[in-house]
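Please open the model in your viewer, colour it by chain, and keep a selection box at hand. The stops below each begin with something to select, followed by a description of what is found there.

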Amino acid sequence: MTAEMKVLTARFDTDGADRYEGSVASGGYASWKKALGMNPADIVETIKTSGLRGRGGAGFPTGMKWGFVNREDTPTYLVCNADEGEPGTFKDRELMERDPHSVIEGMAIAAYAIGCREMYIYMRGEFGYAARQMERAAAEAYDNGALGRDVFGSGFNLDMIVHRGAGAYICGEETALLESLEGRRGQPRLRPPFPAQKGLYQRPTVVNNVETLACVPHIIQRGSDWFRGIGTEKAPGTKMFSVSGDVERPGNYEVPFGTSARVLIEELAGGVSGGKTLKAFTPGGASSTPIFGPDKLDVAMDWESVQAAGSLLGTGAIMVWADDACILRSMLRFTHFYAHESCGKCTPCREGTYWLEQMFSRLESGRGRDEDLAVMMDVQANIAGRTFCALGDFATAPVISSIKLFEAEAREHITKKGCPFER
Amino acid sequence: MNDGSPRLLGVPRLPGPPQRPLTDPARADARRLIARYPDARSALLPLLYLVQSEHGFVSREGIREIAGMLDLTSAEVAAVATFYTMYKREPMGRWLVSVCTQPPCALRGANRIRDAIRNECGIDDGETTEDGMVSIEEVECLCICDGAPVVAINYENYEKLTPESAVEMIRGLRAGEAPPKPARGEVPQPNDAAHRELAGLNQKDRQGAAP
């Protein structure tokens, strides 16, 4: 028996399920029709009692987010955050490519619940095919009465706009996303006010991740008790984990929350490539570090358990390193990523990431000095907690991972005046 | 680079050769994009893509036109254009080749692919081949790590490449051949058409439901 449980990914293997007819043939839009006959307040209550939490990284309760919006204070906006960019994460892209209608259906129900007549999906700019799939699906939904005027004869009007970003990781942060959607540089806003009070165009706004919204139709259709029966008490439902790197079968695997990393890596992804030994893995992308060593393979993959083990669940991206891979080299690459993606608003992040990259580069190339590790720890400590948004905090993780967890390996680069690994 | 145009205070000097004004059909497209949003400024990112589809990069002339349409200053438009990686300040080749080198790809040989492509084209990151066919860039995670190592051509992903298969594809592009069909997704469109799509011009317009 496999540990997989296909709810969000149930239509992935069905030919034509990405088109309207195919989606409807496998139950698509039934939930949207059902929701249109419900009181919006009851929908919010159902999502609250289901315990659904955001799948974008923070795990905030979705129903509570919806509940903050005053739906009488029109216009209100629903924005789907499809700016997937966390290294190692590829769940939202696959969802939108293979089952775009489930995303539209979830967005529509959320929009109806908060009184929104005009919803947006902010797509990562590089997602060429996924955005095309969303545009096609939206056109089909309009043509079949699932969007537009008088949706399914209910009297409810709903428009959808597919909007592309232009290559900025920071726009996955919800207030930076809203700035970008308003035609500005993607720099985070000061909170409060929160988007629920003043979001897009200073109107009440809900921003939800793709995978989160894709859960909504299933909850409306099968009820919150069904949803609560899956996963753990505090993390109900299933989760798509993206497993990549040194494994035999990289891919998205949907399992109930609380499934161990061992099951995901060894069973579903076929174990470490070439029968090698596992050296390290991320529980949830570059930003969820510090990374874990093999001693953490039995940690249950849910927010609470991963946090108790010393890291963060993040987006659920499990990147795996075999024992012959250099951790420092990957952490240098992550640091380059943060230096490139820092929006430049806060000095500690803008300057600190730049210097950390220089120092990592020096270490990896064999010109490191004994005192470098202490200096790097000092630099990261001066970024963490001193920036506007979480990107600065995340940028410290590669340093902590390589120096705290793999100090011997980092020192070896100094004493051997070079990288001791082939790759 | 001095292209001979007059220096105006407040007008950002961006590199790249001078361009003709936007065509009338492009201006009609711009109006359609602006009408899509409750606030005209939201059309700024789509309009920058429209300029790229017309000029091959974010030209100074394009920036001025957008500023005029949205009642912004050129500096405000340029400030946005320079924030985002996908807006280029030099003319791009017909095909933009993006190589991911984040760990999931790097662990599977992405750096050798990057080096092979650079050698084949004889250019560095951010540059374009002299025949104007190929521009190359090293990029952040493209979020298709199950297909690692990945190279994107005009934002369509090619998976599980080797240095040899990547170089073969580049040779085909430079010889004027159409790119092959990727395992997932569709055959990429040339730069101008790809940027029209990025601008959202292939999208069905809203149905007038919103107030």
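Select A:Gly245 together with A:Val320, and you will find that A:Gly245 stands opposite A:Val320 in β8(A). Bear in mind throughout that this is a predicted model. Extending the selection to the whole of both strands shows β5(A) and β8(A) pairing in the parallel sense, over four bridges.

Next, select A:Ala280 and A:Trp321, where A:Ala280 is placed opposite A:Trp321, a residue of β8(A). Here the pairing is antiparallel, with three bridges joining β7(A) to β8(A), the strand formed by residues 317-322 of chain A. While β8(A) is still highlighted, ask how many of its residues are buried. Five of its six residues are buried, and the strand is thus described as mostly covered.

Now show the full sheet, an open one of four strands in chain A that run in the order β6-β5-β8-β7 with mixed pairing. Which strands stand at the edges? They are β6 (251-256) and β7 (278-281) of chain A, and because each has a single partner strand, one side of each is left without a neighbour in the sheet. If you look along the sheet, the twist from one strand to the next averages 30 degrees.

Add helix α11 of chain A, residues 261-268, which packs on this sheet and touches β5 (238-245), β6, β7 and β8 of chain A. The direction of α11 makes about 60 degrees with that of β8(A).

From there, select A:Leu264 and display its surroundings. Leaving aside residues up to four places away in sequence, A:Leu264 touches A:Phe241, A:Val243, A:Tyr253, A:Val255, A:Thr259, A:Ala269, A:Met301 and A:Ile318. A:Leu264 is also one of the residues with the most contacts inside the largest nonpolar core, which has 190 residues, and the others named with it are A:Met107, A:Ala110 and A:Phe281. To see the element that gives the most to this core, select helix α6 of chain A (residues 100-113), which supplies nine residues.

Show both chains next, and turn to where they touch: the contact takes 45 residues from chain B and 54 residues from chain A. On the side of chain B that touches chain A, the elements giving two or more residues are α2 (44-55), α4 and α5 (103-106) of chain B. Of these, α5(B) provides the largest share, three residues. By class, that side of chain B has 26 nonpolar, nine polar and ten charged residues.

Staying with chain B, select helix α3 (residues 60-70) and helix α4 (residues 74-81), whose axes are 8 Å apart and which pack at an angle of about 115 degrees. The crossing of α3(B) past α4(B) is right-handed. To see which residues meet, display B:Ile63, B:Arg64, B:Ile66 and B:Ala67 from α3(B), and B:Ser74, B:Glu76, B:Val77, B:Ala78 and B:Ala81 from α4(B). Sorted by class, this contact has six nonpolar, one polar and two charged residues.

For a last stop, select B:Ser165 in helix α7 of chain B, residues 163-174. Is B:Ser165 buried or partly exposed? It counts as partly exposed, because it has 15 C-beta neighbours inside 10 Å. Adding B:Met86, 79 residues apart from B:Ser165 along the chain, gives a pair whose C-alpha atoms are separated by 25 Å.

Notes. Residues are numbered from 1 along each chain as its sequence is written. Chains are lettered from A and ligands numbered from 1 in the order in which they are written. This is a predicted model: local features need pLDDT of at least 70, side-chain atom pairs count only at pLDDT 80 or more; totals for chains, interfaces and linings use all residues. Axes are lines fitted to C-alpha atoms, for helices over the stretch in contact, and angles run from 0 to 180 degrees between N-to-C directions. A crossing is left-handed if the near helix is turned anticlockwise from the far one by less than a right angle, and right-handed if clockwise. Two residues are in contact if their C-beta atoms, placed from the backbone, lie within 7 Å. Ala, Val, Leu, Ile, Met, Phe, Trp, Tyr, Cys and Pro count as nonpolar, Asp, Glu, Lys and Arg as charged, and the others, Gly among them, as polar. A nonpolar core is a set of buried Ala, Val, Leu, Ile, Met, Phe, Trp, Tyr and Cys residues joined through C-beta atoms within 7 Å. A residue is buried if 20 or more other C-beta atoms lie within 10 Å of its own, exposed if 12 or fewer, and partly exposed in between; C-beta atoms are placed from the backbone. Two strands pair if DSSP finds at least two bridges between them.
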